[in-house]
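Trainee: I should like to take a close look at a single part of this structure. Would you please guide me through one residue and its surroundings, and then relate it to what else is worth noting?

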Amino acid sequence: MKDLIQDERTVAQKRKIGSETCSLLLLALLIAILVQQFVLNLPFANYAAEFICFFGACFYLLIRNITAGNDLYSRKNTGYKWVIINSLLCGFTICVVTGIANYTRYGDNTTSSIWLITLLITFLCGTAASFLGFSLIHYLNKKKQQKIADELDEEEDIL
Amino acid sequence: MKNIRMKVARIERDMKQEDLAQVVGVTRQTIGLIEAGKYNPSLKLCIAICKALGKTLDELFWEETP
């Protein structure tokens, strides 16, 4: 029994350390991508490996959470509100990041009206693309949660 | 091994899995997995379930030796 208790603690601690390492690695990858893309202005081929690893890992995290049945939108009936908020935030972030990058590259050769129109189009496209992505995640998550609820209902009726 | 005693205690209290999950602060899936014997809850969670169902740890989680 003593061994079992010690095992539980060490296993939990090892998992936590692994999870922290994964988070740190993802953060480092993101910083590496942003620095190479926007500060050093390197071509995509230079940071393609980091890019694929970062988005591949994010995609894996997302899919594993959905297939494991973890509810990504745990607050009931507010799921779609979060899809919209996340899409707007994503659109804004894309707009700011690409806006700063474009300004440092082409700031001297553009008029302010073109600049504003470019920012607006970037924001709208970024928001729309994010909205599609988040809607798909929301749909898959909802479908999985419904499947789990149906299974639980069936089990509950068995007794 | 299925935890029938927990399921019975919950039904006696006229609670659905969702109700118990809300009182305890976990998802319905977690309650379902505990009842189905597919998840080992922590002591903290066991105590919270016992309090919610008005039972002792022995009554819900102690396995009688045959």
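Mentor: Let us begin with A:Asn41, which is exposed, having 10 other C-beta atoms within 10 Å. A residue counts as exposed if 12 or fewer such atoms lie within that distance. Please keep in mind that this is a predicted model. A:Asn41 lies in the loop between α1 (2-39) and α2 (44-67) of chain A. Its backbone deserves attention: A:Asn41 has a positive phi of about 55°, although it is not a glycine. In general, most residues other than glycine have a negative phi. As for the wider setting, chain A is divided into domain 1 (1-68) and domain 2 (74-159). The centres of domain 1 and domain 2 of chain A, taken over C-alpha atoms, are separated by 21 Å.

Chain B offers a residue to set beside this one. B:Asp14 is not a glycine, yet has a positive phi of about 60°. B:Asp14 is found in the loop between α1 (4-12) and α2 of chain B. With 7 C-beta neighbours inside 10 Å, B:Asp14 counts as exposed.

From that loop we may turn to the helix α2 of chain B. Helix α2 (residues 17-24) of chain B packs with helix α4 (residues 43-53) of chain B at an angle of about 115°, and their axes are 9 Å apart. The contact involves B:Leu20, B:Val23 and B:Val24 from α2(B), together with B:Ala48, B:Ile49 and B:Ala52 from α4(B). Of the residues in this contact, 6 are nonpolar, with no polar and no charged ones. The crossing of α2(B) with α4(B) is right-handed.

Conventions. Residues numbered from 1 in each chain as written. Chains lettered and ligands numbered in written order. Predicted model: local features only at pLDDT ≥ 70, side-chain atom pairs only at ≥ 80, totals over all residues. Axes fitted to C-alpha atoms, helices over the stretch in contact; angles between N-to-C directions. Helix = DSSP H or I, 4+ residues; strand = E, 2+ residues; numbered from the N terminus. Left-handed = near helix turned anticlockwise from the far one by under 90°. Contact = placed C-beta atoms within 7 Å. Nonpolar A, V, L, I, M, F, W, Y, C, P; charged D, E, K, R; others polar. Domains from an automatic or database assignment. Buried ≥ 20, exposed ≤ 12 C-beta atoms within 10 Å, placed from the backbone.
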